[in-house]
Structure formats: C-alpha cells, structure tokens
Amino acid sequence: MSLNKKEAALVKLLVQHHNWLPATFLAEALSTSTRTIRNYVTRINQNATLELIQSSRQGYMIDSAVRIDDVVSNNKSELNTPIDRMNYLINLLIKHKNVDYFDVADTLFVSIPTIEKDTIRLRKKMTTYHLKIVKHGHFLSMEGDESNFRKLASDMLQDEAVQNFQSLDYIQTIFPDISIELIQKIVIDRLSSQHLYINGYAINSLLLHIAIAINRLFHHQRSEIDFIPERFSNEQIEYQLAKQIGKDIDQTFNVKMDLYEIDNLTLLLMTKISPSNDAFLKDYMETSVYNFIAKLMETVSEKYFITQISDELILNLALHVSNLISRAKNGKQVHNPLSEEIKQSYAFIYEVAVFIAKQIQKKINIPISDDEITFIALHIGSYFEEKFETENKISCMIYTPEYYEMHKRLIYKIGDTFKSSLNIIGTFHQLDRANMKEMEQADLVLSTIEMNELTHFVQISPFVSAKDIEKIQQSIQLVKQEKQLEELKKSIQTYLTPKRFKRNIYLENPTQYIDYLGTQLVEGSYIPAHFIELIKEREKMSATSFNNSVALPHAIEMSAQKTGISIILNDHPVKWGNHYVQVIIMIVMNQDDIKKFRQLFDFMIETFSNKEKLDRLLSVKNYEAFIDELFH
C-alpha cells in the first residue's frame, strides 16, 4: 500500500499501542488536525483490502493482527514522478543559472516531451513566487527578484524539514545496535542534576554525535592523536558533565570514552547550555574549522537564498565537520542506512549538504562519502525543523521542586507530550524574585504550586496525570487563540486605515459597491485599476455574501501590490446576491501575506455572523471604536 509519511506514522502509532487512541492525541503526535487524521484513516481504509483502522467515540484502533511491516515495509515513494522531476528542476535552477534540459532528460531517463510538460507545470508553480521560467534554445533559466528566490528556498526547506528529522526513531534506525533511548536517559539525568534542560535540535544533535562516537568505538576507530592537551578546567560545568556522561556511556555500552571524546562532548555541551560560550568556542576552533565553516555557510546562504543560518548551526556543523575530517584522514567511515532515503525524500536539503561536502573535500583533498553527506543533511534538516516548528510553538517555563527523580520525569514527560506545541525555555526548582520575573516573560507557566499572580498559569500534579494533560492542552489552545487575536488585531490595524472605514454608504447594487471600495484601494496604491475587474469576475461566479450579515468581495488572485482592507458599515441592510447585508468588507492580498488571507476571511465571517456582536459593531461611530469592539 502506498502511504505518505504521516499516514505511515499513524499506522505505526496504532500498531505500537494496540488500543483505542483519541483523535486529539494522534493529531498532537503527528502535528496536524483531527480532521486530517480522519482523512488519513479514510484513505488508508479505502486502499486496504479490509478495514484496517476501526473508529469509535474512543478514537481509533488498528486490527490486532496487523504488523507494521505488513503495511509500511514496502511503502517506498514512486520514483521519477512529475513532482519529483519538478523539484529536481527547481534544485538545478536555484543552483545554476542555466540548465540544459536535454541533459536533464538523459539523467532522468525520460523523453524531451516529458521534460517539456514538467516545465509547463513548473512555470505555473513559479508564478505564485513571481518567478519566471525562461526557455532559450534547449536551455532553461529562472528569473526574478532575489526576495522571491529566498521565499521559494524557504518554502522548500520548510516543506522538507518539518517531517521527521527530530524523531528519535530516525536516529535509532541509523544505529540499530545502540539504544538511543538509553543515551537520552543518561544525558537527561546528568543535565537535570545541574538543573539544565535542552530540547529539540539541541538534544538531537547531541544524541547523534554521541551515537556516532559510540559506533566508532564499537569498531575500534579511536582517535590516533598521541597527546591531547588539557583544554578545560575541572571546575567548568560542561567539562564536569561531559566526564560524567562519558563514564555512564562507558558503563552502559562497555566502551571507553577517551579524553578526545570527552573534549568533543564538552564543546558540544557548550553550544547547548549557554550562548555566552560562543566567543570561547569561536576562539577555540579558529585554528581548525570554525572560520572555514562560518565562511562556507555564508556562501551557502548566498547560493541557496537561505536567510536563517545561525551561530548555533555553524558551531554544531563545525564540531561535526571537525570529526568528519578526522575520520576521512584516517580512512574511518560511519555507515548511514538512511542515505538513499534522505537523498530521495529531502532533495533540497541533501543538495545543500552535497555542496558543503564538496567544499570540505576541496579543502582536505580527501573524498567525502555519501554516508557522511547524509549526516550533514541530518544536521541541516534537524536544525530547520526545530526552527520552523518553534515559530508555531508557545514558550513555556516549568516550576517544580526537586524531589528524588520526580521533577526530572515531570519535565521530560511534558516536553515529550507537548513537543509540537510547547517550546520549554526554562525550568526552575526554587522561587525567588529573579525567577518569577523570568517566568512572567513566558506565554505559559506550568507549576506544581499555585502562582495566581501570573496571567497564564496551570497548576499540575508532580505525576502529570491525564487530567493535567487535558488542562495544559486547554491552556495551550487559549494562549494560541489570544496570540492569534493579537496578530489579527495588528494585521487589521495595518491593512485597514481610518480613511477606508465608512459608515452608511447606500448604493444601488454590489457592482457599485465594488467600484466604490476598489477605487479607494487604487488611490492608495494597493491595487492597479484593472484589479477591480478581477473582483467583479469573482463576484459573478458566486456572490460573496454570508448569513444575512456580511459581504466579502475579493479576487481569486492574490497579486495586489500590497495588502489592504476597505469597509462599510450600514445601519440598514442592502441586497447582495441572495442575502441582505449590513457590512461590506473588501480584502486585497499581496502574495507575501497569502497565509493570512484564510485567517482574516474566517475571522470576519465568524465575527459578523454573531448577531449580538454585529449589533454592537453597528452601533460604533468611528474607526477607533470599531477596532476596540472588534477585539473586545
């Protein structure tokens, strides 16, 4: 059966639990909506010979006879589909100014007409980014403003990255003989003993590094450096932690973490624990690879139009590449069984990793294997997954007194349960004025004691019960709604000015209203004059009036010069299609704000369809009162 990644993940979850799982739990685990979960279940059952997944009020459960391998093992994405070829072309066009599509056809083993059809699809897709695919002879090129290239690259990164680079299962698949869960427990226990917490990209890059080190030690691939100088003092917290973690690794996996490995682990911990370590790390690595990687990532940023490259990624890559160079010089390689999958499934990220590897190869004049390239891709993908996901998370701080191991379990249970919703930015085990001030900065505070002086606070038990999880989920939704409302308020105040807020304008028909509101937006340089005709064309297809309250005339195209809103409030209803409305709102959207359109549209319909709210809004006399009432 052909499943996409999220559908395969859904099947795995149901098989692993063999019990009823609520749709809300599955949606949280897969970072999607309950509606999408229903769609996945429907598609899986439609494609199966029998009903694989049962549904009830309790949620979903899979047939107990089903094994993961029966459904997922042969689930390889079809190679060389139109979408695959189109993404391949995009990568080439970003990387090179000109692409010979005869060469592309030969490389992909397809005909010239096939590539020409793909080019037509590509040209259509690129119009959404205001980029042009230009054909000259048998060469193709992509033209447009750099800002649009950056938008394209950012979307490609986001589409590929927010999948499963952060999954511990993914790292476990690379190292089947090394328990990643055990490494995680060792690291978490040692960090918790010093009241430290790291998550997301930070913990995963740390686990990946340790797993690679253990794998090398398993295969007797030790550092061949005869003399390793003392670089850190015994008082340094990261060095203490590295030695403690190293000792635990020795005992658990029966290997010997030597001083070379402990030093590397110390450096890695320094990148995770405190930004104040950055200056030391840069100085420390100046004689080796940090400057090289920093300069290389500047080139990557320019070549692939990537703007979000941070010091954190540079430091982690520099440390990884330092070890990669050591392995390459000594002819020691680490195998990665996911190389082929990553190459196929994450083409853009892999292309960036290949470019980085080529520059390293030039510097050290030693070949870099596909497996090593894949580890670079994992670092890049994991970093961007965390970055893009964090943008959609709310910040959280946790207060819990230390009591045996309970406080550790509480923190990591919350972190694991709400990994797609919460970004845990701090944990506290004692209360003082400084800690309270820090907690006030978080979107949400979870605490085992009362803290009613905080705006968003949830009191939880030390054991984190099912009731606690439900309370946290409700608070997350509340905070998200408030943040969304705040963003909407800023957007509407930006897009709607007092000049375009009108009261009691009575015209003969919708066409005249469209001309009236559209002319205001033309005069403000929001849209060109011909754009008004696009709004009328949309209106002819189907009237944009809703629920005898509001009309929302708009164009199908999101190609306004800048996003703007014009509004009329009338005391008396006017006929619009099959409805009578008292509110007329025209929204014109620029391509860059396209994601906000549905949010704005839904908010307007919901707000003006509420009779009590509508009556209050219709009673206002000016713009300021309208904005206050709209978000009251």
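**Close-up views of a predicted model**

**View 1. A three-stranded open sheet ordered β3-β5-β4.** In this predicted model, three strands come together as an open sheet in the order β3-β5-β4, with antiparallel pairing. At the edges stand β3 (99-100) and β4 (132-136); each has a single partner strand, so one side of each is left without a neighbour in the sheet. Look next at the join between β3 and strand β5 (residues 139-143), where two bridges connect the antiparallel strands. Here Asp-100 has Phe-139 of β5 as its bridge partner.

**View 2. Helix α7 across the strands.** Stepping back from the sheet, we meet α7, which lies across β4 and β5 and runs at about 145° to β4.

**View 3. Helix α5 packing with helix α7.** Here helix α5 (residues 82-95) packs with helix α7 (residues 112-127) at an angle of about 70°, and their axes are 10 Å apart. The two helices, α5 and α7, are therefore roughly perpendicular to each other. From α5, the residues Pro-82, Arg-85, Met-86, Asn-87, Leu-89, Ile-90 and Leu-93 meet Thr-114, Asp-118, Arg-121, Leu-122, Lys-125 and Met-126 of α7. By character, the residues of this contact between α5 and α7 divide into seven nonpolar, two polar and four charged.

**View 4. A five-stranded open sheet with mixed pairing.** Now for another sheet: five strands follow the order β10-β13-β14-β12-β11 in an open sheet, and their pairing is mixed. Its edge strands, β10 (501-503) and β11 (545-546), each pair on one side only. Over two bridges, β11 pairs with strand β12 (residues 550-551) in the antiparallel sense. Within that pairing, Ala-551 in β12 is the bridge partner of Ser-545.

**View 5. Phe-501 and its aromatic pairs with Tyr-623 and Phe-626.** The model has seven aromatic pairs. One of them joins Phe-501 and Tyr-623 edge-to-face, at 6.4 Å centre to centre with 75° between the planes. Phe-501 belongs to strand β10 and Tyr-623 to helix α27 (residues 623-630), so the pair ties together parts that are 122 residues apart in sequence. Both partners, Phe-501 and Tyr-623, are buried. Phe-501 also forms a tilted pair with Phe-626, at 5.1 Å centre to centre and 40° between the planes. This pair likewise links distant parts of the chain, with Phe-501 in strand β10 and Phe-626 in helix α27, 125 residues apart. Phe-501 counts as buried because its relative accessibility is 8%, and Phe-626 is buried with a relative accessible area of 1%.

**View 6. An aromatic cluster.** To round off the set, Tyr-304, Phe-348 and Phe-355 form one aromatic cluster.

Notes: Residues are numbered from 1 along each chain as its sequence is written. This is a predicted model: local features need pLDDT of at least 70, side-chain atom pairs count only at pLDDT 80 or more; totals for chains, interfaces and linings use all residues. Side-chain values use heavy atoms; hydrogens and water are left out. Axes are lines fitted to C-alpha atoms, for helices over the stretch in contact, and angles run from 0 to 180 degrees between N-to-C directions. Helices (H or I, at least four residues) and strands (E, at least two) are DSSP runs, numbered from the N terminus. Angles under 35 degrees count as roughly parallel, over 145 as roughly antiparallel, 65 to 115 as roughly perpendicular and the rest as oblique. Contact means heavy atoms within 4.5 Å. Ala, Val, Leu, Ile, Met, Phe, Trp, Tyr, Cys and Pro count as nonpolar, Asp, Glu, Lys and Arg as charged, and the others, Gly among them, as polar. Two strands pair if DSSP finds at least two bridges between them. Rings of Phe, Tyr and Trp (its six-membered ring) pair if their centres lie within 6.5 Å; planes under 30 degrees apart count as stacked, over 60 as edge-to-face and the rest as tilted. Buried means under 20% relative accessible area, exposed over 50%, partly exposed in between (1.4 Å probe, protein chains only).
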